[in-house]
Amino acid sequence: MADVITYREAVAEGIAREMRRDTTVVCLGEDIAAAGGVFKTTVGLRAEFGPERVWDTPISEQAIVGAAMGAAMTGMRPVAEIMFSDFLACCWDYLANEIPKVRYMTGGQVTVPLVVRTANGGGLGFGAQHSQATENWALTVPGLKIAAPATPSDVIGMMAAAIRSDDPVVFFEHKALLATKGAPPPPGHVVELGRAAVVREGTDVTLVALASTVPLALKAADVLSGEGTEVEVIDLRCLVPLDAAAVLGSLRRTSRLVTVEENPYQGGWGATVVSIVADEGFGLLDAPVRRVAGECVPLPFADALEEQVIPTVDRVVTAVRQLAAY
Amino acid sequence: MDAAGLLACYERMAVIRRTEKAAHDLFLQGLVKGTTHLAAGQEAIAVGASAALRSDDYVFATYRGHHHALARGATPEECLAELMSRATGLCKAKGGSMHLTKAATGMLGSYAIVGSHLPMAVGAAWSARLRGTDQLAVAFFGDGATNIGAFHESLNLAAVWKLPVLFVCENNLYMEYTPIAEVTAVARPAADRAPAHGIPGEVVDGNDVVAVEEAVARLARRARAGGGPAVLEAETYRHFGHSRADPASYRPAEEVERWLKHDPLDLARGRLAELGVGTEAVAEADERARALVERAVEAAKAGPPPDPREALTDVWADGGAAWRT
């Protein structure tokens, strides 16, 4: 294994590690086999595991996720790819009505151990129908677990946990992170779902981030450190289970909170995080909370426009400065 | 089908008919809340198909699925207890009429979003192939489901992957309240579309349990042998309206009369007579069905209500519902 691995390579590596150890793991999706995925996140899987374990599908999102569900109910652990997270809407019935409810409404009779992987978020100029950060759609649905790793190592570790999970997991791979690099984790690396990471320690302000906003928050922390403000950055890594204890624990050290999310402010996961803090950690706060989030517009095409509507380092820095001075 | 097999099918249909009648009566007594979608009149499809299937085959059904649950091993008592919100219900009173499921006997669920379960059956058939078994998956659905996207996505995927799945359409002529013929451009909404997806589409008298059994057995043999999926459109009629709120007054009287004369239980009785089964044996089967359902009603009524704490269980595989630390 190379000294460094890209996020996109980590996706294939994470899947491959699980396919090697468990023959019930199978992949299906559009263009994932010989083509290696439109984002090259499944390169090598078909060659190593063959056509009986890596299946190209028609452009049929309902059939992909519905078939994955049926397979998961009958002894397999399917990993289904929905190419762009915007397309989750094409199979939303399965994500909102079928997969997450069947255990409950059958009184616990049925297990659905599947992973739906998808390329999420903006930053690459794909326009309004291929750029949304949609993890909040899934957050509204009881019964789905939600993973959104920020580093190659976490991609591999969380993929292992997601595939081994007996519960359905929606796995958001952020498009803007695909080319980022990091050290590959050792064999057997598993990152438990629902365990946030403190990726930078600090004493003054807590920044809570996810996926693409983690490197953004770290860059902002560098800038702010030069100004004498020490920021603690928390990578939530999962939205369900949500590591609220990690956020509250950090606030005990910093007493100030900013959430950084790519999706629009209204209905965003940051609202859930800050409401927990308001409910259970109000006494820990020395200042109001701030949310840096996307604008409530469809994602525009041009870079200059897109930068106006999703969080930037500058916007995070400004929010933290205001809060530090409160 | 031999005489003993047909008599067993007849008795099972009689149990279903009486259970549906009991569900209807219990609703009127205020003991069943929500709604029910009764399948009285459509028993021959569930029972005929089940007679042709193996115990390890998978079945997926719709919100009108009492007959499939009962044909696939659920007892009248656990079904009625579910309808009456008892802890002893098939799904611990978390599912209700529209979600009767008995996974242990291959009844993998009743799904109330029209047509949503067709891809699941495709996936179960795919899984059987991946695991190297020759299990079959069957999706039962109504005529209304043939106009949703998942129907076409499922037929195409099953065809290109040559999967052992049977799509059995229960065409009862009405898509809820609207005649299917008014909203569909082909005469046979399921069978006519199958060839467009490279799949054979057959039509059968869905009220004739023997004809259904023979058709499903033949298509099942073909699918298990690697011949791929098939569509079977079973023509039938529901005795009640779409759901509890529907008196079905939109149906022409002569149509109702014609179909009531083509009742699956009557047809089976005729066939039993042809096979030399005496009326006494049929009466005994009827009596056993009556007694079974009567006992089931009383036992279901006596079931305890669910513990309110159960509302917060069974979301996750660990049994709980916690979404955060």
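## Strands, a helix and a chain contact

Student: Let's kick off with A80(A): which residue stands opposite it in β5(A)?
Tutor: In this predicted model, strand β5 covers residues 115-120 of chain A, and it's joined to β4(A) by bridges. Across that pairing, the residue opposite A80(A) is V116(A).

Student: How do β4(A) and β5(A) run, parallel or antiparallel?
Tutor: Five bridges join these two strands. Their direction is parallel.

Student: And on the β2(A) side, which residue stands opposite P78(A) of β4(A)?
Tutor: Strand β2, residues 25-29 of chain A, is joined to β4(A) by five bridges, and the two run parallel. Opposite P78(A) you'll find V26(A).

Student: How many of the eight residues of β4(A) are buried?
Tutor: Buried here means under 20% relative accessible area. The strand spans residues 77-84 and is largely enclosed by the rest of the structure, because the buried count is eight of eight.

Student: Over to helix α12(A): how far apart are its end C-alpha atoms?
Tutor: The helix has 12 residues, 313-324, and 1.5 Å a residue is the rise to use. Taking one less than the number of residues, the expected span is 16 Å. The model agrees, with the end C-alpha atoms apart by 16 Å.

Student: Where on α12(A) do its buried residues fall?
Tutor: They're V316(A), V317(A), A319(A), V320(A) and L323(A). What covers them includes strands β10(A), β11(A), β13(A) and β14(A), along with helix α8(A). Seen down the axis, the buried residues fall within an arc of 165 degrees, so they line one face of the helix.

Student: Now the chain contact: which residues of chain B lose the most area to chain A?
Tutor: The contact takes 50 residues from chain A and 42 from chain B. About 3800 Å² is buried between them, with carbon and sulfur atoms giving 65%. On the chain B side, 18% of what's buried comes from three residues together: W126(B), W316(B) and W323(B).

Student: What's the distance between the closest N and O atoms of E280(A) and R324(B)?
Tutor: Two salt bridges are counted between the chains, and E280(A) with R324(B) forms a salt bridge. The cut-off is 4 Å; for this pair, the closest N and O atoms are apart by 2.6 Å.

Student: Last one: is H117(B) buried or exposed?
Tutor: H117(B) sits in the loop between β2 and α5 of chain B. It touches residues including F60(B), Y111(B), F140(B) and F141(B). Its relative accessibility is 0%, so H117(B) counts as buried.

Note on methods
Residues are numbered from 1 along each chain as its sequence is written. Chains are lettered from A and ligands numbered from 1 in the order in which they are written. This is a predicted model: local features need pLDDT of at least 70, side-chain atom pairs count only at pLDDT 80 or more; totals for chains, interfaces and linings use all residues. Side-chain values use heavy atoms; hydrogens and water are left out. Helices (H or I, at least four residues) and strands (E, at least two) are DSSP runs, numbered from the N terminus. Buried means under 20% relative accessible area, exposed over 50%, partly exposed in between (1.4 Å probe, protein chains only). The arc is that of the directions from the helix axis to the C-beta atoms. Contact means heavy atoms within 4.5 Å. Two strands pair if DSSP finds at least two bridges between them. Buried area is the accessible area (1.4 Å probe) that two parts lose on being put together, summed over both. A salt bridge is a side-chain nitrogen of Lys or Arg within 4 Å of a carboxyl oxygen of Asp or Glu. Lists of a residue's contacts leave out its neighbours within four places in sequence.
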